[in-house]
Every structure is written in C-alpha cells, then in structure tokens.
Amino acid sequence: MSGVTLSALDRTRIQRRTVGILSLGQVLGGIAFGATVSLGALLAADISGSDALSGLATASVTLGAALAAIPLARLAGLRGRRLALTLGNLLALVGILVVIAAAAVRVFPLLLVGIIMIGMGNAGNLQSRFAATDLAQPQHRGRDLSVVVWATTIGGVAGPLLLGPGEQLGHAIGMPVHTGSYLFSLVAQIAAFALYLIALRPDPLLVSRTLPETGSVAAGLQRVDRPVAARYAIFAIAGSHVTMASVMAMTPVHLSHMAMSGTGGMSGMSGASMEMDVTVLVGVTIAMHVAGMYGLSPVFGILADRWGRLRTVLLGQVLLVGSLSFAMFAGESAAGVMVALILLGLGWSAATVAGAALLTEASAPELRTRRQGRSDSLMSLSAAGGAVLAGVILQSFSYAGLAIAALVVVVAIVALSPLGKR
C-alpha cells in the first residue's frame, strides 16, 4: 500500500481496525499480567520463605519488561509492530509454563525466570499503546492511545478476580498452591499470540511510513525535536510507574499480615479458610487497583488532548498524593488500603497516558520508536529496583513508611514539570 493510493478514508479504516485488534490483545494479555501481579509476591514469599524476598516477584516482572522493551522497539522499527507484539506474547506464554513448573518443584530462581519472561511479554503489551498512535490523527492521539490502555481493564480486572475460581480448579486437578488461575492466563495468552500473528495486517507502523505527509507539520507530526520535553516525559512516566509498582507490589504482603494479625476489620479470618480468604481479598483489592489503572484512561486521554499533556501529568501526581496519604493514615484497614490502591491506579493512568502522548509528539518521527523503547525500558527497570527496595522498607518500617518513600518521587516529578514545556 503506497502513500499515493492510501486515502484518508483508508487510513481511518485501518486505524479503527488496528485499535480494535490492539484492544482485544490487551484484554487477553491483561489476564496473565493481572494474575502475575496478584500472585507473584505470594508465590515468592511462599517458595523463598521470606517476606523480604517477595518484592523480587514484581521486580522480576518489571525487569523482564525492561530487558525486552528496547529490543522489541528496535524489532518494531525494523520489521513492524506485528512481529514485535507476537514475539512478546510468545515469551509470556513460555513464562507462564515456567512459573507453574517452578511452583511445582519449589525452586525460587526458576520462579523468577518465569516471571521475568512474563514481564518480557508485558513489554509487548506496553508497546501496544504506542502502536495505537502510528496512524492516529494528532488531535486524537491521546484518545486512541487511551482506548488501547483502557482495554487492559477487562483482562487486568478479570485476572485477579479469577484467583478464587482458579485456586479451586487448580486444587481439583492437583496444581501447586497459587497457580490455578494461570490456567486461564495460559489460554488467554495463546489467543493473544494467534490474534497478533493473524489479524494485525496491515502493520500500522509500516503503513504510517508510506504516508507522503509523515513527519510534516501540517499532519501534526512535528519534525522539530524537543529533547528536553521528551526527557521529562520519560522521567514522569518512569517516576509515576515506580511509585505505583512499589506500593502495589507490597500490598498483597501487607494485607496478608493484616489478616494474620486480625487487624483492619479482618479478625474473622482464621483456621483452614485463612489462605483462601487472603487470596480472595488480595484478588479483589488488586482488581480494583487495576480498574483504577485502566478504567478511566479514555477520560485522561481526552483530557490530555483538550486540556494539555503536562496538566494531565500533574493531575496524575495529585491523585498519587491522595493515594499515598490514604496509605499513610488509613493503611491499617482493608477499606483504606483499597481506596489507596484505586487512587494509585488513577494517578498512574493519568500520568502515563499523558506522558506517552507528550513523548510521542515531542520526538521527531525518526527518533520516536527508539525513545518509546527507552521509556518503557527505564520505566520497568526503575520499577524493578523500586519493588526490591519496597520489600525491605515494608519489613524494616511499615506500609506507611513505604508511602512516605514513594512520595519523594512524586514531589520530584512536580518540581521538574516546567521542563515539560520546552
């Protein structure tokens, strides 16, 4: 398909189809990610025998995303989005099998390897939001990006909510504890792999390069590069993500401690039902958090288009401050933790949707995929380090202490916000 023959109607049709396929892929991929987020810390603590090591689960999934982000972005730049997204899903599929095997033989390093591979697959999921901008009109870039992000809500919420049924199914067929829901993830990941392999045609990135106006100011794809604004966007995305990931990673462990101590309205949990009760509580809490992360992303996308990228990033920081305040002052109650996690997800959504749009339009077309890969890599790598430190902070101080530490990052994003205008 050449730039000469591709009409505006064709472009719109291809873009709508692409957004639909990417959205469905996010639904399927979100199931595996949601299960890993919910169960990773519990599996790590159970197999390693140490709460301090539980943060390595989230660290591993984010490390995997960091390791794969740049290679997948480069692959997309060379061969298109379709091949990069397909490879990401394949890595996640293998990772799920490795996690189940590691839980069966109770080998902690093998568990981390499997979670790293799932994280590599999540790098593909992250790349999907940028793929939604390849053919998007400039005035709808934030909206189209946010629609794909929103689609993750379905899979991301379903994954944690499947923990209870998954555990029952896993117990019935003799699977290791905390791995039953990965059966659902396995099926979803296979479907996502087939979807991208078969249906993502034509490739949106390759088609965008055939447009005669690509890179022109008239098309809204500015050739003027804004490296300072791009660097701020990368920092804001990474900082918001590390704040979210650090607190989220330790929430299952914190809720487990609350259940065992009988605090926060959880005194009714005891005896043989304790393990199942904690699993369900964690699943519901993380599901609400994931709903916050993705459920209102179209709203934040529209705000970013109409109100401005930088203002929406700062709105995200306000929501993160609210979340951390609840964690500090109401974090010893189940209700307080749930509110904190919902606000945590909302703040992350506003900052990352607007930040991704800012990064895209602040980068010249020839630098765009390279910077997108670096952004995803830094975002995941910083979150990996944050998750490891979060486990140590939680054990040494408290859940409130973890919130105070995360607040430092939020303050830095706000303080450096003038850079986003340059």
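**Cavities, cores and local features of an all-helical model**

Eight helices each contribute at least two residues to the lining of the largest cavity: α1 (8-48), α2 (55-79), α4 (108-131), α5 (141-161), α9 (227-261), α10 (274-294), α13 (334-361) and α14 (365-396). The model in which this cavity is found is a predicted one. Of the contributing helices, α1 gives the most to the lining, with five residues. The space in the largest cavity amounts to about 340 Å³. Its lining comprises 27 residues, and F33, N122, L126, Y294 and W348 are the closest of them to the cavity centre. Classified by residue type, this lining consists of 15 nonpolar, eleven polar and one charged residues.

The search of the whole structure returned four cavities of 30 Å³ or more. The second largest holds about 40 Å³ of space. Its lining is formed by A69, A73, R81, A123, Q127, F130, Q372, G373 and D376. At least two of these lining residues come from each of α2, α4 and α14, helices that also each supply at least two residues to the lining of the largest cavity. Four residues in the lining of the second largest cavity are nonpolar, three are polar and two are charged.

With respect to overall architecture, the protein contains 15 helices and zero strands. Of its 422 residues, 59% are buried. Contacts between residues at least 6 apart in sequence were also examined, and 83% of them join residues at least 24 apart. The largest nonpolar core has 74 residues, within which L43, L111 and Y182 have the most contacts. Helix α9 provides the largest share of this core, 14 residues. Another core, of eleven residues, lies apart from it and includes L22, L85, Y196 and A199.

Helix α13, one of the contributors to the lining of the largest cavity, has 28 residues. The distance from its first C-alpha to its last is 41 Å, close to the 40 Å expected at 1.5 Å a residue. The helix is mostly covered, with 24 of its 28 residues buried. Helix α10 likewise supplies at least two residues to the lining of the largest cavity, and H289 is located in α10. This histidine counts as buried because its relative accessible area is 0%, under the 20% limit for that class. Beyond its neighbours within four places in sequence, H289 is in contact with M244, M248, L341, L344 and G345.

Two positions in helix α12 (residues 309-330) were considered in turn: V321 and Q317. The relative accessibility of Q317 is 1%, so this residue counts as buried. Q317 touches S240, A351, V410, I413 and V414 when residues up to four places away in sequence are not counted. V321, by contrast, has a relative accessibility of 36% and therefore counts as partly exposed, a class that lies between the limits of 20% and 50%. With residues up to four places away in sequence again not counted, V321 touches L407 and V410; V410 is also among the residues touched by Q317. The C-alpha atoms of V321 and A340 are 9.7 Å apart in space, while 19 residues separate the two in sequence. The positions of Q317 and V321 may be read against the general geometry of a helix. An α-helix has 3.6 residues a turn, so residues three or four places apart point the same way.

Two features of backbone geometry occur in loops. The peptide bond from R201 to P202 is cis, with omega near -5 degrees. P202 is found in the loop that connects α7 (182-199) with α8 (204-208). The second feature concerns R106, which has a positive phi of about 55 degrees although this residue is not a glycine. R106 is located in the loop between α3 (81-105) and α4. Because its relative accessibility is 45%, R106 counts as partly exposed.

Methods: Residues numbered from 1 in each chain as written. Predicted model: local features only at pLDDT ≥ 70, side-chain atom pairs only at ≥ 80, totals over all residues. Heavy atoms only, no water. 1 Å grid on protein atoms, 1.4 Å probe; cavity = no way out; pocket = protein on both sides within 12 Å on 5 of 7 lines; lining within 4 Å. Points joined across faces, edges and corners; volume = space filled by probe spheres on them. Helix = DSSP H or I, 4+ residues; strand = E, 2+ residues; numbered from the N terminus. Nonpolar A, V, L, I, M, F, W, Y, C, P; charged D, E, K, R; others polar. Buried < 20%, exposed > 50% of the residue type's maximum accessible area, 1.4 Å probe, protein only. Contact = heavy atoms within 4.5 Å. Expected span 1.5 Å × (residues − 1). Core = buried A, V, L, I, M, F, W, Y, C linked by side-chain atoms within 4.5 Å.
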